[in-house]
Amino acid sequence: MTHPSDDDFDLEGDTLHEECGVFGILGHSDASTLTALGLHALQHRGQEAAGIVSFDGRQFYQEKRMGLVGDHYTDPALLAKLPGTMSIGHTRYSTTGEVALRNVQPLFAELEAGGIAIAHNGNFTNGLTLRKQIIATGAICQSTSDTEVVLHLIARSRHSSTTDRFIDAIRQMEGGYAMLALTRTKLIAARDPVGIRPLVMGELDGKPIFCSETCALDIIGAKYIRDVENGEVIICEIQPDGSISIEERKMARKAPERPCLFEYVYFARPDSMVSGRSVYKARKHAGMNLAKEAPVEADVVVPVPDGGTPAAIGFAQQSGIPFELGIIRNHYVGRTFIEPTQQIRAFGVRLKHSANRAEIAGKRVVLIDDSIVRGTTSVKIVQMIRDAGATEVHIRVASPMIYHSDYYGIDTPDPDKLLANQYHDIESMCRFIGADSLAFLSIDGLYEAVGGEKRNNAAPQFTDHYFTGEYPTHLTDLNGRSNNDPKQVSLLKEAG
């Protein structure tokens, strides 16, 4: 296989891109401000765009912006345009549909029963199939987001109440999702039947909150109540006397919850709790198990920042090898930092990472990373460590090899672009990367780190298809695709 050129070393292309984050609150006088703060805490889940919808008892208000939450929603003038005591918000990385303002959530629609706004994290594996069906019956789609399909299904439902229409719609959707809906009186939260995507319930000043991760509760001083159960729908409604009722609807035949393992490996913030488990502890234990499974003689343990840091701490503690920050990350480099010319590409990862030569020179280094996708960034980092004077560079990865694509909200490269599918054995991967040795955590090692038990192959406790190829739901869009199906969702390309 030919060695990649500098054009292949895209800083954004060698990663599993973030999903999305949702936040909603009902009955609080500072609803939109709190939503903006919650989205700020969830910024790691999507940096392309953010939106907030509020309701003041008379009408809905909507603001959508491309870019980071902090670039827009810290402006008091903007927040003043979002009055009311109820709001939902969304921070986005696109997994379906192009990057365009029309796709920024929450999406809003005028229905017979009144207005409704919807935001969700995740992906529907039958979204394109349903979109094709509703367009064939005369529907007009204004976005390429699969969230819009839910709005059409709600509008078409024959149930009388908004709640029943919403439940009727989501029961037709397949895949992994955490969804919030806002009506004139209600905040509705729903989680997919498998529990792939996370969603938690909190409380501030007696008012209900729903968000993707507990870190969004922490930033506003809210109390964590519980996780929304897989397949559950929770309806919070403001009553005429101002009180808030809470109704819980659960599936009659509830399947075991199978949260996404990559929430623990990569996506969730380390200070969050996902399905009752500390993300930081899971990553640290993964590093400890990695040290047990793939020990190496070395002088220093160095994390690839920032994702590899908790695992590196665990590896160092288990192995007894000193932990040092041998790579310093520049947090102020964005995607639009500079035009990516050939000369700039040649800088490689040095735009984002710099070697701490004082802790590396003359030493045998163990590099700890949370995952390896294409491996092209690893090539650059290994070379950077060698240039800083390391005598040996050993890579240890705190998750198994990634073989398969994701269809539940994680934007993964095509399978043939994944490192694990380009080489037949660890030795050839290691030669490509340029390391002295390479090892990945086993699937059982990761399961034990997160849940305390090995993988139950008959009934896996987590969603792990990217490692194993075992998908927890139907993949209707993928399996039903034919030569006659459209190759793109939309014919319209926005300018800008």
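Which residue does UniProt list for "active site" in this chain? The unreviewed entry names Cys20. Keep in mind that what you have here is a predicted model. Below is a quick tour: the listed cysteine, a helix start, a hairpin, the ring pairs, a parallel sheet, and the nonpolar cores.

**Around Cys20**
- Cysteine 20 sits in strand E1, which covers residues 20-26.
- Its relative accessible area is 6%, so cysteine 20 counts as buried, the cut-off being under 20%.
- Setting aside neighbours within four places in sequence, cysteine 20 is in contact with Arg45, His90, Thr91, Arg92, Tyr93, His120, Asn121 and Ser212.

**Alanine 31 in helix H1**
- Alanine 31 belongs to helix H1, residues 31-41.
- Buried or exposed? With a relative accessibility of 0%, alanine 31 is buried.
- Not counting residues up to four places away in sequence, alanine 31 touches Ile25, Gly84, Thr85, Met86 and Ser87.
- From alanine 31 to proline 83 there are 52 residues in sequence, yet the C-alpha to C-alpha separation is 8.0 Å.

**The E5-E6 hairpin**
- E5 and strand E6 (residues 114-124) pair in the antiparallel sense, with 5 bridges, and a hairpin of 2 residues joins E5 to E6.
- Side chains alternate along E5: Leu107, Ala109 and Leu111 point to one face and are buried, while Phe108 and Glu110 point to the other and are not.
- Phenylalanine 108 has alanine 117 of E6 as its bridge partner.

**Aromatic pairs**
- The structure has 12 aromatic pairs.
- In one of them, phenylalanine 60 and phenylalanine 108 have ring centres 4.9 Å apart and planes at 50°, so the pair is tilted.
- Phenylalanine 60 is in strand E3 (residues 60-66) and phenylalanine 108 is in strand E5 (residues 107-111), so this pair ties together parts that are 48 residues apart in sequence.
- Phenylalanine 60 is buried at 17% relative accessibility, whereas phenylalanine 108 is partly exposed at 29%.
- Tyrosine 407 and tyrosine 471 also make a tilted pair, at 5.7 Å centre to centre and 45° between the planes.
- Tyrosine 407 is in the loop between E20 and helix H13 (419-422), and tyrosine 471 is in the loop between helix H16 (465-468) and helix H17 (476-479), so the pair links parts 64 residues apart in sequence.
- Tyrosine 407 is partly exposed, with a relative accessible area of 26%, and tyrosine 471 is partly exposed with 25%.
- Ring pairs also join Phe262, Tyr266, Phe267, Tyr466 and Phe467 into a cluster.

**The four-stranded parallel sheet**
- Strands E16-E19-E20-E21, in that order, make an open sheet of 4 strands with parallel pairing.
- Why does each edge strand have a side without a neighbour in the sheet? Strand E16 (300-303) and strand E21 (437-440) each have a single partner strand, so one side of each is left free of a sheet neighbour.
- From one strand to the next, the twist averages 20°.
- Strand E20 (residues 392-397) pairs with E21 in the parallel sense over 4 bridges, and arginine 396 has alanine 439 in E21 as its bridge partner.
- Helix H14 (residues 426-433) lies across E20 and E21 and runs at about 120° to E21.

**Helix H9 and the nonpolar cores**
- In helix H9 (residues 309-319), the buried residues are Pro310, Ala311, Ala312, Gly314, Phe315 and Ala316.
- Their cover includes helix H8 (279-293), E16, strand E19 (364-369) and E20.
- Just after H9, glycine 320 takes a positive phi of about 85°.
- The largest nonpolar core has 41 residues, and those with the most contacts inside it are Leu261, Phe262, Phe315, Ile402, Leu446 and Tyr466.
- At least two residues of this core come from each of helix H7 (261-267), H8, H9, E19, helix H15 (443-451) and H16.
- Neighbours within four places in sequence aside, isoleucine 402 is in contact with Leu16, Phe262, Ser371, Ile372, Val373, Leu418, Ala420, Tyr466 and Phe467.
- There is also a second, separate core of 29 residues, including Val379, Val382, Tyr423 and Ile433.

Key
Residues are numbered from 1 along each chain as its sequence is written. This is a predicted model: local features need pLDDT of at least 70, side-chain atom pairs count only at pLDDT 80 or more; totals for chains, interfaces and linings use all residues. Side-chain values use heavy atoms; hydrogens and water are left out. UniProt positions are given in the numbering used here, feature names are shortened, and annotations may be inferred rather than shown by experiment. Buried means under 20% relative accessible area, exposed over 50%, partly exposed in between (1.4 Å probe, protein chains only). Contact means heavy atoms within 4.5 Å. Two strands pair if DSSP finds at least two bridges between them. Axes are lines fitted to C-alpha atoms, for helices over the stretch in contact, and angles run from 0 to 180 degrees between N-to-C directions. Rings of Phe, Tyr and Trp (its six-membered ring) pair if their centres lie within 6.5 Å; planes under 30 degrees apart count as stacked, over 60 as edge-to-face and the rest as tilted. A nonpolar core is a set of buried Ala, Val, Leu, Ile, Met, Phe, Trp, Tyr and Cys residues joined through side-chain atoms within 4.5 Å.
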